[in-house]
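Colleague: I am new to this one. Please walk me through it, and justify each label as you go.

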Amino acid sequence: MPLEAGLLEILACPACHAPLKEQESELHCTGQDCGLAYPVRDGIPVLLVDEARRPG
């Protein structure tokens, strides 16, 4: 289920504060050095660094 556009505009990566973009069921950090992917569970973003998937 896609997140509301207004909500996505105010969310930022908790690790580096870069904007997030929605891809499938995750929110991906747009920061070049970060790149963490945060899960979205039942329509709720889980913005915890410990829950994020590392790139690569």
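Modeller: What follows is a set of short questions, each settled by a value and a cut-off. Keep in mind that this is a predicted model.

Colleague: Start inside. Which residues make up the largest nonpolar core?

Modeller: Twelve residues form it: L3, L11, C13, A18, L20, L27, C29, C34, L36, Y38, V40 and A52. Two elements, β2 (26–29) and β3 (37–41), give two or more residues each.

Colleague: What makes that set a core?

Modeller: Two conditions. Each member has to be buried, and the members have to be joined through side-chain atoms within 4.5 Å. C29 shows the burial part: its relative accessibility is 8%, and the limit is under 20%, so C29 counts as buried.

Colleague: What does A52 touch, leaving out residues up to four places away in sequence?

Modeller: A52 touches L36, A37 and Y38. Of these, L36 and Y38 are listed in the core, as is A52.

Colleague: How many disulfides does the structure hold?

Modeller: Zero.

Colleague: Why is there no bond between C16 and C29?

Modeller: The sulfur of C16 has its closest cysteine sulfur in C29, at 3.4 Å. A disulfide needs the two sulfurs within 2.5 Å, so this pair is too far for a bond. Seen from C29, the closest cysteine sulfur is that of C16, again at 3.4 Å.

Colleague: Is C16 buried, partly exposed or exposed?

Modeller: Partly exposed, at 33% relative accessibility. That value falls between the 20% and 50% limits. C29, at 8%, is buried.

Colleague: How many salt bridges are there?

Modeller: The count comes to two. One joins the side chains of E26 and R53, at 2.7 Å from N to O. E26 lies in strand β2 and R53 in the segment after β4, so the bridge ties together parts that are 27 residues apart in sequence.

Colleague: Why is the E26 and R53 pair called a salt bridge?

Modeller: The cut-off is 4 Å between a side-chain nitrogen of Lys or Arg and a carboxyl oxygen of Asp or Glu. The pair sits at 2.7 Å, so the label applies. The two side chains also make a polar contact at 2.7 Å. For that label the limit is 3.5 Å.

Colleague: Is E26 buried or exposed?

Modeller: Buried, with a relative accessible area of 19%. The limit is under 20%, so E26 meets it. R53 is partly exposed, at 41%.

Colleague: What else does E26 touch?

Modeller: Leaving out residues up to four places away in sequence, E26 touches K21, A37, Y38, P39, V40 and R53.

Colleague: And which side chains meet in a salt bridge at 2.9 Å?

Modeller: Those of R41 and E51, N to O. R41 lies in strand β3 and E51 in the segment after β4, so the pair ties together parts that are ten residues apart in sequence. R41 is partly exposed at 44%, and E51 is partly exposed at 36%.

Colleague: How do you know that β1 and β2 pair?

Modeller: At least two bridges are required. Four bridges join strand β1 (residues 20–23) to β2, so they pair. The strands run antiparallel. Within the pairing, K21 stands opposite H28 in β2.

Colleague: How many residues sit between the two strands of that hairpin?

Modeller: Two. E24 in the turn has a positive phi of about 55 degrees.

Colleague: What makes a positive phi worth a remark?

Modeller: Most residues other than glycine have a negative phi. H17 also has a positive value, near 70 degrees. H17 is placed in the loop between α1 (5–10) and β1.

Colleague: Are E24 and H17 buried or exposed?

Modeller: Exposed. The limit is over 50%. E24 has 81% relative accessible area, and H17 has 63%.

Colleague: Where does P55 lie?

Modeller: In the segment after β4 (44–45). P55 is partly exposed, at 48%. That is under the 50% needed to pass, so the label "exposed" does not apply.

Colleague: What does P55 touch, with residues up to four places away left out?

Modeller: C34, G35 and L36. P55 and C34 are 21 residues apart in sequence, with 8.2 Å between their C-alpha atoms.

Technical notes:
Residues are numbered from 1 along each chain as its sequence is written. This is a predicted model: local features need pLDDT of at least 70, side-chain atom pairs count only at pLDDT 80 or more; totals for chains, interfaces and linings use all residues. Side-chain values use heavy atoms; hydrogens and water are left out. Buried means under 20% relative accessible area, exposed over 50%, partly exposed in between (1.4 Å probe, protein chains only). Contact means heavy atoms within 4.5 Å. A polar contact is a pair of N or O atoms within 3.5 Å; within protein, one must be able to donate a hydrogen and the other to accept it, and residues adjacent in sequence count only if both atoms are side-chain atoms.
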